[in-house]
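Student: I have a new structure to look at. Can we go through it together, with short questions and short answers?

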Amino acid sequence: MMEEESVRLAIRLKDDSVWKISNLSGTVIPYKAAAGIVHHGKGLAGRPVEETVLLYRLSNALETTIANADHPLDEDLFDCFKEQLGASKDIPLPDHTNPTEENATDMFMELWNQDRILAAVCANHLLVEGGIGLFGTYPDQLPALESAIGDSKEAAISYIHDNAVELLPGGLTRNRMPQ
């Protein structure tokens, strides 16, 4: 079943997902810092406290997605993500909660200006719940993502579709598949 496969992918790539999503904050966070939190529950010595807190929060949010992969993104789960991530309680749940790639993209873009990390976590949940894959973008792709979002909705959808949705079975984006 695709849903089970998406959960296995989320578990296998949890450190990678935590790292990629954390970098949407605009601060370059080393992969080793995310891996240390995910695999050992320990932050890197000498790194900022805010970074470690963000990584713990993201790790917990992704654990929530994994544990609730068969649960729809409803108000309760959305509120749980907001609390885990320290997001504003005033952010409303967007209407795009059916677990499709299009809805994950729409949710991401709708939440982007309010809370980038929450946007990625919610998009990720829809992708895992729908048995589609994971949301993730490398830190060096952030300028291109921001540019696409600033250009137009069509440009953003196209960029996210090709570069930020890591599809089952292997977790490659559409642009990385031919490589």
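**Salt bridges, rings and core**

Tutor: Glu63 is partly exposed, at a relative accessible area of 38%. Buried means under 20% relative accessible area, exposed over 50%, and partly exposed in between (1.4 Å probe, protein chains only). This is a predicted model, where local features need pLDDT of at least 70, side-chain atom pairs count only at pLDDT 80 or more, and totals for chains, interfaces and linings use all residues. Residues are numbered from 1 along each chain as its sequence is written, and side-chain values use heavy atoms, with hydrogens and water left out.

Student: Which residue forms a salt bridge with Glu63?

Tutor: A salt bridge is a side-chain nitrogen of Lys or Arg within 4 Å of a carboxyl oxygen of Asp or Glu. For Glu63, the closest N and O atoms of the pair are 2.8 Å apart. The partner is Lys14.

Student: How many residues apart in sequence are the parts that Glu63 and Lys14 tie together?

Tutor: Helices (H or I, at least four residues) and strands (E, at least two) are DSSP runs, numbered from the N terminus. Glu63 lies in helix α4 (residues 49-67) and Lys14 in helix α2 (residues 14-22), so the pair ties together parts that are 49 residues apart in sequence.

Student: Is Lys14 buried or exposed?

Tutor: Look at the relative accessible area of Lys14, which is 7%. The limit for buried is under 20%. Lys14 is therefore buried.

Student: Which residue meets Glu166 in a salt bridge at 2.2 Å, N to O?

Tutor: Glu166 lies in strand β2 and its partner in helix α2, so the pair ties together parts that are 146 residues apart in sequence. Glu166 counts as buried, at 2% relative accessibility. The partner is buried too, with a relative accessible area of 1%. It is Lys20.

Student: Which residues are joined into one network by salt bridges that share partners?

Tutor: Two of them are Lys20 and Glu166. Asp16 belongs to the network as well. The network is Asp16, Lys20 and Glu166.

Student: Over the ring of which residue does the charged end of Lys20 sit?

Tutor: A charge sits over a ring if NZ of Lys or CZ of Arg is within 6 Å of the ring centre and within 35 degrees of the ring normal. For Lys20, the charged end is 4.0 Å from the ring centre. The ring belongs to Tyr138.

Student: What kind of aromatic pair do Trp19 and Tyr31 form?

Tutor: Rings of Phe, Tyr and Trp (its six-membered ring) pair if their centres lie within 6.5 Å; planes under 30 degrees apart count as stacked, over 60 as edge-to-face and the rest as tilted. The centres of Trp19 and Tyr31 are 5.8 Å apart, with 85 degrees between the planes. The pair is edge-to-face.

Student: Which helix gives the most to the largest nonpolar core?

Tutor: A nonpolar core is a set of buried Ala, Val, Leu, Ile, Met, Phe, Trp, Tyr and Cys residues joined through side-chain atoms within 4.5 Å. The largest one has 48 residues, and Phe108 and Phe135 are among those with the most contacts inside it. Nine residues come from the helix asked for, α7 (residues 116-129).

Student: Which residue is joined to Pro169 by a cis peptide bond?

Tutor: Pro169 is in the segment after β2 (165-167). Omega for the bond is about 10 degrees. The residue joined to Pro169 is Leu168.
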